[in-house]
Every structure is written in C-alpha cells, then in structure tokens.
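This report covers internal spaces, one helix and its surroundings, and a few loop residues. The sequence and coordinates are shown first.

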Amino acid sequence: MNNIDKELLASVADLHSTPLGSYNIRKNGESVERNSTKDIEIISKKDKSGIDVIVKSGVKNKSVHIPVIITVGNLTDLVYNDFYIGEDADVLIVAGCGIHNPTGEESRHDGIHTFHLEKNSKVRYIEKHLGTGVGGKILNPITKILMEENSEFEMDTVQLGGVTYSKRDTEALLKENTKLIIKEKILTTDTQEAITNFNVTLEGKNSHVQVISRSVAKGKSKQSFTSNIIGKAECFGHVECDGILLDNAQIVSIPKIDALCPEASLVHEAAIGKIAGEQLIKLMSLGLTREEAENLIIKGYLS
C-alpha cells in the first residue's frame, strides 16, 4: 500500500492499519487483501465479480470491512456483493469507495450490494465515497435490503466530495416488526451531479422506516433526491430531506408516499434554502472570513 492507498482507506473506511476480524480490500478491480474468521466468512463469487459475506447465526459485536479503492484512470469496476446475516446476529459492516484519478480519463465503480437479514438480526452499514485527482470519478452504488421479521438495519452513507457523478439506488422490503434507518449526507461542488433514489416497501405489520437526507450543493452542481415509500400494512414511514444551496447550484426533491392500508402512517418533509445570514454574521464577527464561516457551517451541518 502506498501513501495514496492509505489516505483513501483512512477516508472511506477509517482504516489506518490492517483491520481486525474479517475484511476484503479491493484495488483497481482486484481483491488484494482478504481475511475470513469462524464468525464471518468471505467467499469469491464463481459466476461473476464480487463476494459473498456470510455472518453466522448468533454472532455479536463483530465487524467486517470491504473497502474499494481505485488509483488509475480509464477503469470501470463492477462488483456484486451479497451479505447473508444469520438469525440473532449483530454486525457492523464498513464499505466505501475512494477514487484517486490522476489522468484525464474517467474511472468508475459500480457496486451492487444485496443484504439478506434473517429473523432478529441487526446490521449497521457504513458507506463513504470520496473522489480526488484530476480525472472523472463516477460512483453508482445500488443497495438492496431484504428484511425478515424483527430485523434492524441502519445505513449511514456519505459522499465526502470530489465525486464527478453519482447515482444511488436503494431498495428495501420490510417484513413484520422490522426497522430501517437511512442517513444520507452529500456534498457537491463545481459541475458535479448526485442523484439519489429510495424505494421502500413496508409489507409487514409494525414495520418502520426513517430516511434522513442532508445535502450541500455549491458552484454549478446539481442534486436530485427521489423517495417512494409504499405502506402495505399497519406501518410507519418518515422521510426528511434538507438541503443547503449556494452559488448557482440546484437541488430537486421529489417525494412520493403511497398508503395501501388505512393503518399506514407515512410522512415526507423537505426544506431547501441558503445559509442563514445571522449565522454568517455571527461567525464573521469573531474574525472569520465569509468563506471560512460558510465552510464551518457546512462542516457542522454534514457532521
């Protein structure tokens, strides 16, 4: 691992050394380091690029790291990763992709992740994305979440900046007494574009979903947020989308809620606006420039 590799891994997966437990590190389209344990096994797919991550039933307080880094131009990397979470398991999964493109050609990573949660299982999933370098950096993550009874899934997804184009598609199917929490944070600048689509079906009684999106668009960048929540049973769904708009950027929020059961309770909230003037004035009165004040407010908003 060279210094660029280490910086990318630290940024997207908080890795500063070889992680404990199970892990798979992918670089420039190939797996370069891997370790399995008796609790969490990682197996290469035989029919296509990607891995199966198998978390045994009853496993508690364990983690698995599966970061991807790209450090060359003119590369398209596509992986299919499946996660099988056994009954009563409780696990932390840390993913993320960092692209450092030193060339004028595009580099792209498309990750299709499917999570299969058995009864009473619990997952916390962290996914961070970062782009550096001069060339195009494209990231198109697809996440599919299949939740059996009494399972819980919490997803934290962050776009740290520098990504030329991203399209995030998240689909989830929730059975009885399940809970899904998704927290999204996105920063775009210059002429970057970020598209987010959420499609969640609440099929089981007492299923619950909460989606919280925070975004900042600067320069001439564009962002689009679309959510589609379908309630088929007695359930609760809440979507909250807030954005800060600067310069000549654009943010579009498109909500859709579809109640197919009288006991379904679905709510969508959206707010897009500029940084409050009084916040800037207060910070500038303490000696900060306008740019420094804006950056400090944005950092706090996305933290």
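Contact here means heavy atoms within 4.5 Å. The model is predicted.

## A strand residue and its contacts

Val216 is placed in strand 18. With a relative accessibility of 0%, Val216 counts as buried, because buried means under 20% relative accessible area. Leaving out residues up to four places away in sequence, Val216 touches Ile186, Leu187, Thr188, Gln223, Ile244, Leu246, Ile298, Tyr301 and Leu302. One of these partners, Thr188, is 28 residues from Val216 along the chain, and the two C-alpha atoms are separated by 6.5 Å.

## Helix 3

Two of the residues touched by Val216, Ile298 and Leu302, are also among the buried residues of helix 3. The full set of buried residues in this helix is Ala293, Glu294, Ile297, Ile298 and Leu302. Viewed down the axis of helix 3, these residues fall within an arc of 155°, so they line one face of the helix. The cover over them includes strand 16 (179–188), strand 18 (207–217) and helix 2 (277–284).

The length of helix 3 can be checked against its residue count. Helix 3 runs over residues 290–302 and has 13 residues, which at 1.5 Å a residue should span 18 Å. The C-alpha atoms at its ends are 18 Å apart, which agrees with that expectation.

## Cavities and the largest pocket

How many cavities of 30 Å³ or more does a search of the whole structure find? The search finds three. The table lists the volumes and lining classes of the largest cavity, the second largest cavity and the largest pocket.

| Space | Volume | Lining residues by class |
|---|---|---|
| Largest cavity | about 100 Å³ | six nonpolar, six polar, one charged |
| Second largest cavity | about 60 Å³ | five nonpolar, five polar, one charged |
| Largest pocket | about 180 Å³ | six nonpolar, three polar, two charged |

The largest cavity has about 100 Å³ of space. It is lined by 13 residues, of which His109, Gly111, His113, Glu127 and His129 are the closest to its centre. Strand 10 (107–117) and strand 11 (122–133) each supply at least two residues of this lining. The largest share, three residues, comes from strand 10.

The lining of the second largest cavity consists of Glu184, Ile186, Ala194, Thr196, Ser213, Ser215, Gln223, Ser224, Phe225, Cys241 and Ile251. Strand 16, strand 17 (193–202), strand 18 and strand 19 (222–231) are the elements that give two or more residues to this lining. Strand 19 gives the most, with three residues. Ile186 and Gln223 belong to the lining of this cavity, and both are also touched by Val216.

The largest pocket is lined by Met1, Lys6, Leu9, Ala10, Leu15, His16, Ser17, Thr18, Pro19, Ile25 and Glu33. Helix 1 (residues 3–13) provides the largest share of that lining, three residues.

## Loop residues

Most residues other than glycine have a negative phi. Two loop residues depart from this pattern. What is the phi of Asn150, which is not a glycine? Phi of Asn150 is positive, at about 65°. Asn150 lies in the loop between strand 13 (142–147) and strand 14 (152–159), and is partly exposed, with a relative accessible area of 35%.

Asp190 also has a positive phi, near 50°. This residue is found in the loop between strand 16 and strand 17. Is Asp190 buried or exposed? Its relative accessible area is 54%, so Asp190 counts as exposed, the cut-off being over 50%.

Ser151 is found in the loop between strand 13 and strand 14, where Asn150 also lies. Ser151 counts as buried, at 0% relative accessibility, whereas Asn150 is partly exposed. Neighbours within four places in sequence aside, Ser151 is in contact with Leu117, Glu118, Asn120, Ser121, Asn177, Thr178 and Lys179. The C-alpha atoms of Ser151 and Lys122 are separated by 5.7 Å, although their positions lie 29 residues apart along the chain when counted as a separation.

Methods
Residues are numbered from 1 along each chain as its sequence is written. This is a predicted model: local features need pLDDT of at least 70, side-chain atom pairs count only at pLDDT 80 or more; totals for chains, interfaces and linings use all residues. Side-chain values use heavy atoms; hydrogens and water are left out. On a 1 Å grid over the protein atoms alone, a cavity is a set of points where a 1.4 Å probe fits but cannot get out, and a pocket is an open set with protein on both sides within 12 Å along at least five of seven lines; lining residues have an atom within 4 Å of a point. Grid points are joined across faces, edges and corners, and a volume is the space filled by probe spheres set on the points. Helices (H or I, at least four residues) and strands (E, at least two) are DSSP runs, numbered from the N terminus. Ala, Val, Leu, Ile, Met, Phe, Trp, Tyr, Cys and Pro count as nonpolar, Asp, Glu, Lys and Arg as charged, and the others, Gly among them, as polar. The expected span of a helix is 1.5 Å times one less than its number of residues. Buried means under 20% relative accessible area, exposed over 50%, partly exposed in between (1.4 Å probe, protein chains only). The arc is that of the directions from the helix axis to the C-beta atoms.
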